[in-house]
Amino acid sequence: MLAMIGRRLLAALPSIAGVIVVTFLLTRLLPGDPAAYFAGPAATPQAIEEVRARLGLDRSVPAQFVGYLGDLARGDFGLSLTTGLPVLRELINRLPASLELTLAGLLFAVAVAVPLGILAAVRAGSWIDHATRIVATAGVSLPTFFTGLLLVHVFYSVLQVAPAPMGRLDVFASPPPHITGLYIVDALLTGDAATAWAALAQLALPALTLGIFALAPLARMTRAAMLSALGSDFVRAARASGLSRSRIVWVYAFRNALLPVLTTLGMVFSFLLGANVLVEKVFAWPGIGSYAIEALIVSDYAPVQGFVLTMALLYVLLNLVIDILYGIVDPRVKLES
Amino acid sequence: MAAAGEYARHLRHVVTENPVTGAAFGLFVLLVLTAVLGPVLAPYDPLQSNAAHTLEAPSARHWFGTDQLGRDVFSRVVVATRLDMTIAFASVALVFVTGTLTGVAAGHFGGWVDRLVGRASDTIMAFPLFVLAMGIVAALGNTVTNIVLATAVVNFPLYVRVARAEANVRRDAGFVEAARISGNGEARLVLFHILPNTLPIMMVQVSLTLGYAILNAAGLSFIGLGVRPPTPEWGIMVADGANYIQSGEWWIALFPGLALMLAVFCFNLLGDGLRDLIDPRRRT
Amino acid sequence: MKRREFLKSSAAVAAGVAIGGVPWNGALGQARKDTLLAISENGPNSLDIHGVGTNRPGYEASWNSYDRLVTFGVKKDGQGNDHYDYTKIEPELAEDWTVTDGSATFRLKRGAKFHDGTPVTAADVKWSFDRAVTVGGFPTFQMKAGSLEKPEQFVAVDDRTFRIDFLRRDKLTMPDLGVPVPVIINSGLARKHATAADPWAMDWLRTNEAGSGAYRVERFQPGTELVFQRNDDWVGGPKPKIQRVVWRVVPQAGNRRALLERGDADVSFDLPSKDFTELAASKKLTIVGTPVENALQYIAFNVTRPPFDDVKVRQAVAWALPYQAIMDSVMFGRALPMFGAAKPVADASWPQAHGYATDLGKAKALMAASPFPNGFETTLSFDLGLAGVNEPICVLVQESLARIGIKLTINKIPGANWRNELLKKQLPMLTNTFGGWLNFPDYFFFWAYHGQNAVFNTMAYQNPRMDKAIDLARFAPDAATYEASVKEFVGLAFEEVPRIPLFQPYLNVAMQKNVTGYRYWFHRQLDYRQLAKA
């Protein structure tokens with residue numbers, strides 16, 4: 001098992017190396033000149049050159065790249081010019097916010113899409129089937145930022161049931177002690193239900209926005225997997241032996257449909273981690289996505305590089321976890337393959 | 001010939017049997033017509049501002065109201081159809097050709113070609129895709145060409161994977177063997193025997209990514225990386241109009257948003273329908 | 001039914017815990033009353049005004065947590081709102097001062113202490129001023145504007161006495177001590193965090209505050225939140241009324257408006273003009289709009305090459321711009337028009353309106369007489385960071401100029417690249433805003449029109465007559481000469497039109513009705529020290 005994990009991680013190295021090189025080159029292609037930007041509004045060309053030298057941007061691109069690799073090897077992700085803080089510290093601070101949002105979105109999507117998918121498969125061709133398809137597809141047809149703004153308008157401004165879209169917690173509440181970094185989990189662990197509730201209220205709308213976007217692939221895959229499981233020989237056999245309908249659906253068919261659903265779940269999770277950049281911007285959510293967007297717009301190289309690298313590592317880890325889960329759900333799957 | 005007749009019959013069957021697909025197909029025809037006719041259908045010049053009629057609510061004169069510069073929202077939404085369809089179709093055509101060929105080659109030849117292609121698409125997959133698209137457009141400049149290019153790059157691994165799997169399955173299939181024995185070269189084999197057989201499943205992919213391309217362009221517009229003003233484009237109209245929702249001028253964002261949603265919706269449903277067409281048993 | 005019950009019961013659990021735990025609502029209500037919640041589009045990237053690339057929100061953080069030797073007095077503006085008064089220089093950390101021909105000597109206030117409790121001494125002032133003129137970039141440049149250039153000029157006479165030796169007689173020296181740059185830093189504390197490579201502790205002061213100001217920084221999360229706590233030992237002025245200030249970053253303009261309308265946020269500068277106009281009409285919030293001193297939105301030409309090296313072409317454009325449409329549908333009236341003066345250059349004030357207005361007949365005649373009677377194609381560029389105002393202006397200008405045969409392509413340039421493009425001076429035509437902190441016409445013209453060709457002279461305009469008039473005004477021996485030379489350069493700017501002023505923008509602020517004491521400052525940031533919340 002451990003050897004397998006090691007091999008998998010080793011196999012991912014070329015992709016990570018590719019990500020590092022491409023990101024580095026892409027940031028250097030950005031049109032802005034960070035030196036001119038950070039030298040201030042009244043800078044003379046000479047002052048800009050001074051800033052450039054201080055930022056290390058006067059070196060040739062290969063030299064900069066070697067320097068960057070050296071820093072990375074020492075675990076130094078560089079300094080963000082926009083926030084003035086080390087990128088690594090910022091990413092560690094902000095990652096839990098993004099993870100909490102993505103997980104909550106995913107949880108919502110699973111809770112809605114899987115039952116809908118099963119229902120659609122059991123009643124294939126009925127109006128429930130068509131309605132599920134239309135609802136799920138409609139969810140994936142709106143740009144996330146638009147869904148988010150619409151939800152804020154309806155639930156915060158008009159109905160006045162949602163809290164202010166101002167980040168993870170109300171201004172006057174203080175964050176729970178840091179354990180996992182996920183506010184709801186930390187608050188529950190320390191027995192602070194009021195803070196957990198406040199954090200949940202802040203999380204509801206952004207998670208909903210993100211979750212709506214993930215309904216379609218999950219519902220679609222659940223339905224397909226259930227259909228093929230329901231049509232398989234062993235279900236037919238089970239039916240013939242007079243087992244109850246619910247037992248057939250849940251025990252026999254669903255357990256076998258779990259595998260493809262799990263794969264889709266992994267894909268959707270990594271997709272959502274990337275897609276939440278816009279949702280974070282709409283809800284002033286202090287995650288790593290909004291951090292990366294702001295940095296990209298002002299040509300602040302280090303955070304963009306750090307963000308992409310973090311995401312790539314997460315992606316590799318996620319795939320590994322899914323493969324391991326795969327093995328647990330279905331022992332027939334050889335992890336080597 | 002017989003196969004084509006079979007397909008047509010099946011098409012008619014799917015469209016009539018499944019009302020959702022039928023409706024999607026109708027919508028698709030409508031979108032294409034709007035894109036082609038475009039300016040002819042627009043009652044006003046989509047670029048013409050009018051300081052005396054800014055921010056007017058929908059009325060008989062302006063069906064979708066007017067925007068902050070007094071431009072007719074309906075005309076802008078209609079005229080934008082062509083550009084949005086162009087972005088969607090051009091990016092998908094680009095990735096379809098490159099991705100399918102690369103994938104089929106990788107699946108057919110295997111070996112180092114396969115490994116190289118696999119690595120390249122793994123690398124792209126490891127990127128947060130929207131941020132990669134952002135990076136490409138930010139680095140190369142926010143022109144329609146670059147938006148198309150970025151969308152194509154981001155979708156590349158998807159096409160490669162599907163095409164590779166299809167080609168891999170068919171590499172040793174009977175009809176390929178037969179063609180090989182009758183003296184066809186490998187390149188000929190790939191182009192005329194394997195490629196055509198992967199096309200049906202690729203068409204499903206195409207229809208799904210058409211929708212994604214439009215959403216991607218809209219997301220880029222939201223962070224300021226969209227097409228040049230004053231060009232009407234759905235994404236940029238939604239992004240600009242979003243600032244007016246809170247102050248009550250909902251029509252500026254809502255109508256382009258609906259158009260965008262309908263288009264993506266239609267492509268997605270069509271993708272499902274196409275899947276039924278190809279393989280009724282694998283219906284999802 | 002079940003779902004509703006579930007929701008109800010979970011709400012009840014939450015409420016039960018809240019009541020059983022801390023007196024949640026009471027504490028919250030109390031905190032709310034004493035806390036000011038400010039929201040903005042961007043947050044500070046540094047607490048150090050001398051830092052490399054410190055952004056505008058950073059000025060606000062520094063302004064409220066550090067002191068300067070002097071500050072400016074207050075007056076009422078035309079609408080009865082508080083407005084800083086640049087003619088009145090008042091004590092902040094300095095108790096009093098004497099100015100002679102060669103120097104100014106300041107006596108520091110007794111009992112002035114930094115936030116860590118150490119007393120403020122003249123050595124701290126010297127260290128801070130040395131730092132400002134040495135580190136380069138914006139602070140050094142701003143100090144130079146007041147002829148404050150070398151460390152040798154700054155002398156710590158004894159613990160409480162500080163002297164500045166003048167390099168030359170400059171009317172801007174004293175006002176320049178009241179701008180945000182010459183802050184006084186706790187040099188003992190900062191030095192502890194200085195290194196050989198970083199003698200001025202630039203790294204440490206970026207995220208740590210070492211001031212003596214009215215507010216101390218309690219929590220700083222760049223890009224998210226900044227929390228200030230009142231410094232009750234402050235000696236710089238009357239004790240501030242607000243105990244705590246929470247400043248949150250809310251990137252979405254629509255959300256900022258919603259937060260203000262719902263009463264969840266107390267104050268914000270960052271809304272579109274349209275929202276300010278509507279909120280002012282709805283009367284639910286207090287809206288104050290103040291014309292930004294010495295600032296103009298303009299269209300500039302590159303005058304070094306065709307087609308805009310021809311003055312007739314420039315004048316034709318000046319007669320073809322849709323001034324009123326821009327005022328109405330871009331600024332929603334929240335700006336001062338700068339066009340269509342019946343008798344331009346009647347006095348020596350600045351900004352003042354020019355004589356051009358929208359008159360396509362005149363514009364066409366000038367085009368016909370120019371080297372480009374059939375028009376031409378070119379690009380009009382703007383800073384994407386300020387797209388809310390710039391983009392609609394460009395669209396209207398594009399449409400209007402098409403009528404006189406000038407075909408424009410609109411070019412949006414990302415914020416990071418904008419300054420770079422300005423420095424290159426290659427853009428044929430652009431729209432931008434420029435404003436000077438120090439409110440003198442000659443100061444504005446020195447940066448925007450002088451042949452020294454600073455970055456703000458976006459036209460690369462060079463004219464010896466202009467330079468002579470500007471130089472004469474800067475060091476004018478008497479009022480009459482000053483007035484004559486100001487009129488001379490303003491007249492020249494209107495006649496040659498290397499840039500066309502469109503309007504003077506407003507600084508708008510939206511506040512809850514219970515927030516009072518707002519004061520306009522030239523640096524266009526919020527000063528918490530005068531605010532009160534009922």
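Modeller: A polar contact is a pair of N or O atoms within 3.5 Å; within protein, one must be able to donate a hydrogen and the other to accept it, and residues adjacent in sequence count only if both atoms are side-chain atoms. This is a predicted model: local features need pLDDT of at least 70, side-chain atom pairs count only at pLDDT 80 or more, and totals for chains, interfaces and linings use all residues. Residues are numbered from 1 along each chain as its sequence is written, chains are lettered from A and ligands numbered from 1 in the order written, and side-chain values use heavy atoms, without hydrogens and water.

Colleague: How many residues of chain C are in contact with chain A?

Modeller: Contact here means heavy atoms within 4.5 Å. Chain A brings 46 residues to this interface. They meet chain C residues numbering 41.

Colleague: What area is buried between chain A and chain C?

Modeller: Buried area is the accessible area (1.4 Å probe) lost by two parts on being put together, summed over both. Carbon and sulfur atoms give 64% of it. The total is about 4,000 Å².

Colleague: How many residue pairs are in polar contact across the interface of chain A and chain C?

Modeller: Salt bridges (a Lys or Arg side-chain nitrogen within 4 Å of an Asp or Glu carboxyl oxygen) number zero between these chains. For polar contact, both residues must be at pLDDT 80 or more. The count of such pairs is seven.

Colleague: Which element gives the largest share of the side of chain A that touches chain C?

Modeller: Helices are DSSP runs (H or I, at least four residues), as are strands (E, at least two), numbered from the N terminus. Those giving two or more residues to this side include α2 (34-38), α5 (87-122) and α11 (245-282) of chain A. The largest share is four residues, and it comes from α7(A).

Colleague: How many residues on that side of chain A, which touches chain C, are nonpolar?

Modeller: Six residues there are charged (Asp, Glu, Lys, Arg). Eight are polar. The nonpolar count is 32.

Colleague: Which element gives the most to the lining of the largest cavity?

Modeller: The largest cavity holds about 110 Å³ of space. Of its 13 lining residues, A:T132, A:R133, A:A219, A:R220 and A:R223 are the closest to its centre. Elements giving two or more residues are α5, α6 (127-139) and α9 of chain A. With five residues, the most comes from α6(A).

Colleague: How many helices has chain B?

Modeller: The C-alpha trace of chain B spans about 75 × 45 × 30 Å along its principal axes. Its strands number zero. Its helices number ten.

Definitions and conventions. 1 Å grid on protein atoms, 1.4 Å probe; cavity = no way out; pocket = protein on both sides within 12 Å on 5 of 7 lines; lining within 4 Å. Points joined across faces, edges and corners; volume = space filled by probe spheres on them.
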